[in-house]
Amino acid sequence: MKVLSKTLAQLTKGETATITCFTDDLLALKLMEMGLIPGEKITLQHVAPLGCPYAFEVNGTLVSLRKSEAQLVQIS
Amino acid sequence: MSHDNLFITLQQKFTLAQQVKVALIGNPNCGKSTLFNALTGLHQKTGNYPGVTVDKKIGICKALHPKTKQIHSFRLIDLPGTYSLFPKSLDEQVSFDVLMDETNTDYPDIILIVVDASNLKRHLVLATQLIDLGRPCILVLNMIDAATENGIEIDVTKLAELVQVPVVSCNARYSEGIEEVKKSLFTFAQDIKPQQSLINIQAIVNKNYADSVHRSVNQTSIYASLLNQRNHLEKDEKLKEFNEKFFTGFESRDMLFRFEKIKKITLDCVNYTVARKDLKTTDSLDNVITHPFWGFIIFIGVLFLIFQSIFYLAEFPMQWIEMGFSFITQKTRQYLPDNFFTSLLTNGILAGLSGIVVFIPQIALLFGFISLLEDSGYMARVSFIMDKLMRKVGLNGRSVIPLISGMACAVPAIMSTRTISNKKERLVTILITPLMSCSARLPVFTLLIGIMIPSNYRFGFFDVKGLLLTALYLMGIVVAIGVAAILKYVLKTKERSFFMMELPVYRIPQVKTVLLTMLDKVKVFLFDAGKVIMIISIILWFLTSYGPGSEFKRIDLEYTDAIRKTTSDSTKQKLTIAMETQKLQSSYAGHLGKIIEPAIKPLGFDWKIGISLITSIAAREVFVGTMATLYQSGDKEDNLSIRQKMMQEKNPTTGKLVYNFAVCLSLLMFYAFAMQCMSTLAVVKRETNSYKWPIIQFIYMSVLAYGASLLVYQIFK
């Protein structure tokens with residue numbers, strides 16, 4: 001870890017950020033297929049009743065990620 | 001096959017009016033299956049891809065040639081939903097193999113790419129990959145109405161020009177534009193030029209390497225050759241060693257360049273006029289549906305509704321089916337001579353058939369509901385709100401519905417596990433579902449509890465019988481969860497567990513889709529699981545109707561003679577019942593009961609209970625009927641008389657009552673845990689596509705049942 005940057009897991013409900021990069025290769029591919037492309041805007045829309053998983057809106061789609069998966073997405 | 005040849009061969013197929021193979025492919029939630037249903041109607045069938053449990057849907061579509069006015073027939077295959085041509089799951093690998101392997105029997109002549117027009121940008125990732133294969137492709141913009149409603153205007157002509165393949169728009173849900181889709185297939189009847197690659201291949205992989213791969217693999221385009229090579233690397237270690245370095249970062253670069261290209265394309269031909277309405281509606285609905293309090297309330301309400309329907313609503317048609325079959329059986333016995341074939345027909349085949357058909361109402365109802373939940377978008381929310389809870393024991397949020405349905409019947413419940421995409425989580429759900437207390441256990445439980453506990457025995461305000469029954473249900477749930485937690489560590493998987501999934505926008509479910517799903521599932525059960533149930537049913541018939549040696553003949557002679565001699569009807573009936581009892585006791589099943597007696601003695605069971613354990617493999621409720629025959633109770637449906645007979649039964653050597661508290665409790669444990677249901681085993685065999693898992697399940701549940709029975713009997717005796 002060079003710099004401790006923010007990840008998707010740190011967003012609060014309703015907050016929007018821009019995706020910068022991923023810290024896991026296999027996951028990155030899946031995430032990009034779901035529309036999570038670096039440079040795109042992403043918003044945390046809902047949090048499941050028990051605090052996990054999260055639902056993000058990106059590129060007009062609602063994508064649900066577990067906390068562990070959201071931690072692998074760097075944002076700015 | 002080379003690029004140009006492919007198009008020429010296809011053109012010839014049209015000229016000769018030969019059947020053309022078409023594959024429907026698209027992202028999950030693009031409405032692909034709705035389009036498939038609209039194009040094929042009832043001319044479709046479901047099977048399995050060889051070696052894997054992925055549904056294979058094939059259908060026939062007839063269309064009129066716009067010029068020659070001849071009817072052409074197209075063979076459509078509905079491929080599993082795929083996000084890209086980089087397969088990561090079993091489903092995606094199946095789609096890839098069908099699309100890319102020329103030797104595959106389903107290798108398509110035309111690729112029908114289905115995209116959600118209201119989600120064009122993301123769906124074009126797969127679409128542009130497919131176009132870059134250089135094969136005959138048609139791009140179908142589905143849900144064009146949703147796009148228009150949400151202020152997305154698409155210039156179809158311009159889009160076709162940019163992606164170089166024919167583009168048609170439709171609304172499969174409302175059967176709009178289906179004729180245009182059919183017509184578009186005939187584009188390839190004319191001389192048509194193959195398209196160029198949409199992205200610059202040199203930007204994602206070394207040019208010399210790409211050329212050399214293309215020379216050796218010789219697919220329809222450089223990109224197709226590369227994808228094929230990449231797929232081979234996974235299987236061939238030697239090939240991987242030399243080629244791996246060229247593919248490092250290949251997928252990510254491909255995605256990024258593709259997305260850049262898509263952005264340019266959509267900028268030129270898509271106009272966003274207003275903010276999206278459907279997302280807003282979905283968002284406000286989700287505020288309630290995923291709410292910490294209301295979310296669970298709604299979910300419990302939905303579960304309650306499903307459970308009540310399959311438990312009570314299915315009861316009526318099930319009774320009609322049973323009544324119908326017993327009527328036919330009776331008439332057959334009446335009009336056919338009493339011989340081997342009549343016995344095989346009535347007690348073997350008809351009994352087996354009745355045991356299969358009786359499941360139809362429950363299967364149809366459960367799948368009606370599941371289809372409604374899937375189609376409306378609610379099913380994805382079930383996973384969303386239940387994930388954290390279920391993950392702890394190695395299950396998926398979607399496991400909840402099969403498990404709750406299992407309390408009515410494990411057969412439709414296990415069939416419904418197909419909605420769980422993770423292989424391991426699905427397998428665990430299949431393995432534990434039969435532990436949930438199903439409706440077939442109820443008659444056994446009530447009979448035994450009735451023997452164990454005197455009437456009006458109360459504990460405070462509660463009837464002890466009711467309390468015990470509730471405890472048995474709860475025990476089923478607790479043990480199921482416990483077994484899941486153990487299996488989580490025992491089962492190994494190569495597949496990495498992802499949760500990541502799309503939460504589709506809410507839509508009003510479609511009646512046609514719901515009905516077709518119900519029909520499809522009933523058909524699959526009848527023809528796939530039905531075979532196994534029939535075979536077991538005939539084996540059980542043989543075991544109970546025939547015996548070793550001459551004893552059977554002796555009983556037959558003795559009683560037929562006596563029956564013929566008497567004139568009184570009631571004596572006749574008594575003699576017949578006594579004959580049945582003797583026959584069952586000296587049948588192969590009876591002998592088996594005696595053989596297993598030493599093994600079940602520690603559980604407090606005698607050989608008569610042993611016979612019931614064997615016949616109960618057909619279905620748990622058969623226990624009651626077998627008990628009736630064994631204890632010469634005339635009316636098999638009359639619970640009270642069987643109960644009285646059983647309560648009076650004494651052990652011939654000790655003179656003590658056989659069905660004491662400890663034995664009954666031990667039997668309850670046995671029936672709660674043992675896998676005594678051939679239909680469930682048949683369905684598990686079908687759903688796991690192997691004999692291994694039903695056998696493992698049978699063994700682990702038997703061990704569990706034996707252990708539990710042994711424990712309670714040794715404590716309470």
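Student: Which residue is the bridge partner of B:Val140 in E8(B)?

Tutor: In this predicted model, B:Val140 is bridged to B:Val168 in E8(B).

Student: What makes strand E6 (residues 137-142) of chain B and E8(B) a pair of strands?

Tutor: The two are joined by 3 bridges and run parallel. Pairing needs at least two bridges, so E6(B) and E8(B) count as paired.

Student: Why is E8(B) called an edge strand?

Tutor: Let's start with the sheet, which is open and has 7 strands of chain B in the order E2-E3-E4-E1-E5-E6-E8, with mixed pairing. Its edge strands are strand E2 (44-48) and strand E8 (167-169), since each of them pairs on one side only. From one strand to the next, the twist averages 25°.

Student: What packs on that sheet, and which strands does this element touch?

Tutor: H4(B) does, touching strand E1 (20-26), strand E5 (110-116) and E6 of chain B. Its direction makes about 170° with that of E5(B). Angles here run from 0 to 180 degrees between N-to-C directions, so at about 170° H4(B) and E5(B) point in nearly opposite directions.

Student: Which residues have the most contacts inside the largest nonpolar core?

Tutor: They are B:Ile113, B:Val115, B:Leu139 and B:Val140, in a core of 200 residues. Helix H31 (residues 661-673) of chain B gives this core its largest share, 10 residues.

Student: What does B:Leu139 contact, leaving aside its neighbours within four places in sequence?

Tutor: B:Leu139 is in contact with B:Ile113, B:Val115, B:Ala127, B:Val163, B:Val165 and B:Val167. A contact requires C-beta atoms within 7 Å, so each of these six residues meets that limit with B:Leu139.

Student: What can you say about chain B as a whole?

Tutor: Chain B has 33 helices and 12 strands, and its C-alpha trace spans about 90 × 60 × 50 Å along the principal axes. Of its 717 residues, 42% are buried. Among its contacts with a separation of 6 or more, 73% link residues 24 or more positions apart.

Student: Now for the other chain. How many residues does each chain bring to the contact between A and B?

Tutor: Chain A brings 25 residues and chain B brings 32 residues. On the chain A side, helix H1 (25-33), strand E2 (41-47) and strand E4 (61-65) each supply at least two residues. By class, that side has 14 nonpolar, 7 polar and 4 charged residues.

Student: Which strands make up the sheet that contains E12(B), and in what order?

Tutor: This open sheet of 6 strands runs E5(A)-E1(A)-E2(A)-E3(A)-E4(A)-E12(B), with antiparallel pairing. E5 of chain A and E12 of chain B are its edge strands, each pairing on one side only.

Student: How do you know that E4(A) and strand E12 (residues 501-503) of chain B pair?

Tutor: They share 3 bridges in the antiparallel sense. At least two are required, so the two strands count as paired across the chains. A:Leu62 stands opposite B:Leu503, and A:Ser64 stands opposite B:Met501.

Student: Which strand is joined to E4(A) by a hairpin?

Tutor: That is E3(A), with 2 residues between the strands, and A:Asn59 in the turn has a positive phi of about 50°. E3(A) and E4(A) pair in the antiparallel sense over 5 bridges, and A:Ala55 has A:Ser64 as its bridge partner.

Student: Why is E4(A) called mostly covered?

Tutor: Being buried takes 20 or more other C-beta atoms within 10 Å, and 5 of the 5 residues of E4(A) are buried, so the strand earns that description. A:Thr61, A:Val63 and A:Leu65 point one way, A:Leu62 and A:Ser64 the other way, and all are buried.

Student: Which residues of H1(A) are buried, and what covers them?

Tutor: A:Lys30, A:Leu31, A:Met32 and A:Glu33 are the buried ones. Their cover includes strand E1 (16-22) and strand E5 (73-75) of chain A, together with helix H4 (120-131) and helix H12 (250-269) of chain B. After H1(A) comes A:Gly35, whose phi is positive, near 105°.

Technical notes:
Residues numbered from 1 in each chain as written. Chains lettered and ligands numbered in written order. Predicted model: local features only at pLDDT ≥ 70, side-chain atom pairs only at ≥ 80, totals over all residues. Contact = placed C-beta atoms within 7 Å. Helix = DSSP H or I, 4+ residues; strand = E, 2+ residues; numbered from the N terminus. Nonpolar A, V, L, I, M, F, W, Y, C, P; charged D, E, K, R; others polar. Buried ≥ 20, exposed ≤ 12 C-beta atoms within 10 Å, placed from the backbone. Core = buried A, V, L, I, M, F, W, Y, C linked by C-beta atoms within 7 Å.
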